[in-house]
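Thank you all for making the time this morning. I would like to take you through one interface and then a few charged pairs, and I will try to be careful about what can be said of each.

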Amino acid sequence: MLRVSKALAVAVLLSAGAAHAQTVTMAMSSAPTSVDPHYHTFNPNETLDLHIFDRLVERDTQSNPIPGLATSWKLLDDTTWEVKLRQDVKFHDGSPFTAADVVYNFDRIPKVVNSPGSFAIYTKTVIAMEVPDPYTIRMKTAAIYPILPVDMSNIFIIPKGLGPNPATEDFNSGKNAIGTGAYRLVSYKNGDRAELERNDAWWGPKPHWQHISIRMIANDGARTAALLAGDVQFIEFVPTADAARLKSDKRVALAEIASQRIIYLWLDHSRTGTPVFITGPNGETLEKNPLNDVRVREALSIAINRPAIVDRVMEGAAYPAGQFVAKGSWGYDPSHDAPVYDVAKAKALLAQAGFPNGFRITLHGPNDRYVNDGKIIQAIGQMWTRIGVQTSVDAITWPNYVGRTNKQEFAAYLLGWGFTEASNPLRSLIYTFSPAKGWGAVNRGRYSNPTFDALVDKAMTTGDDAAREKVVIAATKVAMDDVAVIPLHVQKNIWAMKAGLTYAARADEDTRVMDLRPQ
Amino acid sequence: MTTWLLRRLVQAVFVMLAMTVIVFVGVNVIGDPVEILISPDADQAERLRVIAAFGLDKPLWEQYLHFLGGVVQGDLGKSFVFNEPALRLIGGRFPATMELAFTAVALSVIVGIPLGLYAGLKPDGLLGRAIMAGSILGFSLPTFWVGLMLIMVFAVQLGWLPSTGRGTTAEFLGIQWSFLTRDGLAHMVMPATNLALGNIALVLRLTRAGVRENLGLEYVKFARAKGLSPSRVLFVHVMKNIMIPVVTVIGLEFGSVVAFAVVTESVFAWPGMGKLIIDSINVLDRPVIVAYLMMIVVLFVTINLLVDLMYTVLDPRVRLDGRE
Amino acid sequence: MREETPFRRFVSEFAASKVAVIGFVVVVIVALLALLAPLLAPQNPYDLAQLDIMDGRLAPGAKSLTGMVFWLGTDDQGRDMLSGIMYGLRISLSVGVGSAVIAGVVGSSLGLLAAYVGGWVETAIMRLVDLQLSFPAILVALMILAFLGKGVGNVMLALVIVEWARYARTARGAALVERRREYIEAAECLALPQWRVLFRHLLPNCMPPLIVIGTIQVARAITLEATLSFLGLGVPITEPSLGLLIANGYQYMLSGKYWISFYPGIALLVTIVAINLMGDQLRDVLNPRLQR
């Protein structure tokens, strides 16, 4: 009797152990707003959804397009893309995946009700679709559009069986949360957790974990603490202050990579006359905006000791930058490594520009948006003050801050930009603000340079990747020679996990539990 | 009594109406939700679409009337962020916060009153002084800092308690509760203690002050002279008088506890409505902010009514209606 | 022997508690440190030109690049923590005491008025109190600061708006009970002027609960300010209060750099404990009933 129960206990323990081994709990840094993959262009939604749904085009760890539900894509002529689809893929409800589903998705995306950030920005360039057979689809664009595959890597596919315009709420309840992805949604509790179960029929390589539990822990310290306490085994967005300590902790392993998020300063280009938040060295009103002078802009840029900020403020979790993309990435301009810190030259440039005694400026920034944002602007304040530009620093919470940046209310201000494709920041940030064209949409400083615009126009009509890269680099050089913005650093993406696990760190900010495996 | 109640109810409705105006104007002054929610890549056309979808293209008074129209039908609007009715969103988070708040208040009474009685009876004893000193620490420490310390010590260093989250829940009356499972209780210990700390100190100090004050009064001397046992004097006569401020404060503090759960919930990743409101303020999800504040108003008006009612029960000298 | 004035009696009674005297001395020292910070502090922590991030997060006792010794270490900006704490005390104290005093004066006056005058005045005041208390302190403060923006003055204003109603309610509650006591009736029978009854008779007898509340309120105000700073809405980051210093250092606790958060925390604790020790004794001394 005793022996039997002992054996039973051992068996129970073993099976519990086995079950435990295949269950992983992950902590996200912010909560998704919905399970509906077409509802909101928001990174946490993407992280949750990529486990349940697949995209036509996926991204490798360096954000290069790789086959997803599409196995290949090519340009038939300047305006027609032919996409071949993966065969024998089934949705979680058993229905087969075909070209009709793709058409259904492109049709549904612009119609999602009350979407706060629509995915239509990724589908709108496609003006017509043809389906020659169930596994081939031809997409027509109005003009040549070489980066359609990049746009397709943002679109998750749901089955047409959900009918016309399925409700967003029904995705959260799980009813509509049907994809082709590696995991099925078991339950979702807004702001708290999501439970996922492996889809053994998935077309990709079999993920290690049978069951994933996703917790949402927004507080940085609490997320690290949960990992150290063993409540979760995997966390994203490790705070820089903890990364150094976690590195030396044997219980924990880290995975890090250069991200595609640049932290930079905007300067006000919108005013030629009296500037805002800038006065003379003794507080007198200035007739002209000093920021219109490229020498002043360059002085402000080289006055910043980027390696010091990376080392002291970011604690090593960033790379000093002189342009948008990280060194070694597609579209990197080798003539613009991070500017060299040079106080003497900065002072000389200011004197040449007619400001031998500098001026006063207020540097604005958020204090709750980017990693260490409030500290970065204080550090820059110190550095600018040292070249005679007496800087006061004002950090504002994001909700109050972001609207004001769009109204050109500040002189110099910190922002960040995340992207997956090198021409994107050139088109969105630096290109002349052109509402009709939809470009320069977030050109908050209202920079405008016809030479640069012409190069971007050329890049966006160049189909060949290698030729396009040359143009992108040329455009980058023009913008950076002119100090259109002041790039500061490229952030690192850092994940932390229980010792004994490994994760393939990604340049985009997605967290894919499929890529978390035992060593 | 009835007329008093009716009058209070009418007043409550006016209070709430005034509140809707203040809140509605207030949230419409701060920031622009479209800027925060919209995709950074969005162009002007997309921006205008979102503004129209949220109804923000209409003048403020029209938005307000629309909102009032909805309130009459029990609809406080749909969340900009989640596209779900704001009330349902809050309702989903409500039990978690209430559970935490009630536990914290219960803790503050269970711990605070006995300690306060003791400190009041033996104000010069070593333990009595120690209790008072401890109470000062109780409300001196910032909640968020205590929270992090608790996590550092009990979850990370000692590993006795889970660090964050709500743990396993069990269903009762159709709602998920933490206190019904061992795991859930383990998750609740630290956040509830964290939230209760300030109120334990408050209740303790009020009790002690009450005991010391009442023990010097004639009625106590008289009761003692009559030969009543010291414990009877303390627990029946003195307690009755002490309870007035204590009940008032606990009642009034309950709403604050619910509000202060904002900080505790952020630190402990407790999925309650406090965390929802902070998140909503951060993304300017106006319908949720308004609905949350309205709910808090209702809660407070109710509490105030109850506290006033309790006053009459505990102290007949206070009369509610009419004056001589 | 000198004549015993009420003030002398008050002083001698207050001095009966050694702990309270210590508290009083500490409060005086803290207040002096705060007042004289610009003269005493080794560095002006608000002047960006005096800071260097290369001195950032140095341990207590370390030397700066220019040879200055940081007795309590530095924060992430290279700010001397000792100077930071002295300047932080200025802000925390002025915010805490200032807002508690203003809220106390406004609140208790209105509360007494409500209880004594009654009628529509009482209804109006108490409905305003209800309205105010309908909104939890932290949320009102959050909203006001979101609306007005950060800054010492705005934080104080927010705290006064948040706290006055508490005094009003407590004052009225106490006065309602006191009002029915014999001495008020006696005073009214003597046909003393109303303000005299209100302030000479009613107010002193309502003082004990108000002082308890007031004591707690100073601490609460300072803590609330720290919490607001933690949520990113308190004082500006370039002029940190104690609360903001703690909040800033809190993210470094896990990585072992305790001093950024620890020393401001100690300064905050010592200040509040000292104020409260004083307050406790004040209450015992000022309570007219215990004198009997």
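I will begin with the contact between two of the chains and then turn to the salt bridges.

Please keep in mind throughout that this is a predicted model. The contact between chain C and chain B draws on 52 residues from chain C and 53 residues from chain B, and the area buried between these two chains comes to about 5100 Å², with carbon and sulfur atoms giving 70% of that area. Across this interface the rule finds zero salt bridges, and it likewise finds zero residue pairs in polar contact when both residues must be at pLDDT 80 or more. On the side of chain C that touches chain B, the elements giving two or more residues are α5, α6, α7, α9, α10, α11 and α12 of chain C. Of these, α11(C) gives the most, with 10 residues. Sorted by class, that side of chain C has 30 nonpolar, nine polar and 13 charged residues.

Now to the salt bridges, of which the structure holds 44 over all chains. In chain A, the side chains of Lys345(A) and Glu298(A) meet in a salt bridge at 3.7 Å, N to O. Because Lys345(A) lies in helix α11 of chain A and Glu298(A) in helix α9 of chain A, this pair ties together parts that are 47 residues apart in sequence. How exposed are the two partners? Lys345(A) counts as partly exposed, at 41% relative accessibility, and Glu298(A) is also partly exposed, with a relative accessible area of 29%.

A further pair in chain A joins Glu421(A) to Arg468(A), whose side chains meet in a salt bridge at 3.9 Å, N to O. This pair links distant parts of the chain, with Glu421(A) in the loop between β17 and α14 of chain A and Arg468(A) in helix α16 of chain A, 47 residues apart. Here both Glu421(A) and Arg468(A) are buried.

In chain C, the side chains of Arg166(C) and Glu163(C) meet in a salt bridge at 3.3 Å, N to O. These two residues are three apart in helix α7 of chain C, so about one helical turn separates them, and both Arg166(C) and Glu163(C) are buried. Finally, back in chain A, salt bridges that share partners join several residues into one network, among them Glu46(A), Arg55(A), Arg506(A) and Asp510(A).

How values were computed
Residues numbered from 1 in each chain as written. Chains lettered and ligands numbered in written order. Heavy atoms only, no water. Contact = heavy atoms within 4.5 Å. Buried area = accessible area lost by both parts, 1.4 Å probe. Salt bridge = Lys/Arg side-chain N within 4 Å of Asp/Glu carboxyl O. Polar contact = N/O pair within 3.5 Å; in protein donor to acceptor, adjacent residues only side chain to side chain. Helix = DSSP H or I, 4+ residues; strand = E, 2+ residues; numbered from the N terminus. Nonpolar A, V, L, I, M, F, W, Y, C, P; charged D, E, K, R; others polar. Buried < 20%, exposed > 50% of the residue type's maximum accessible area, 1.4 Å probe, protein only.
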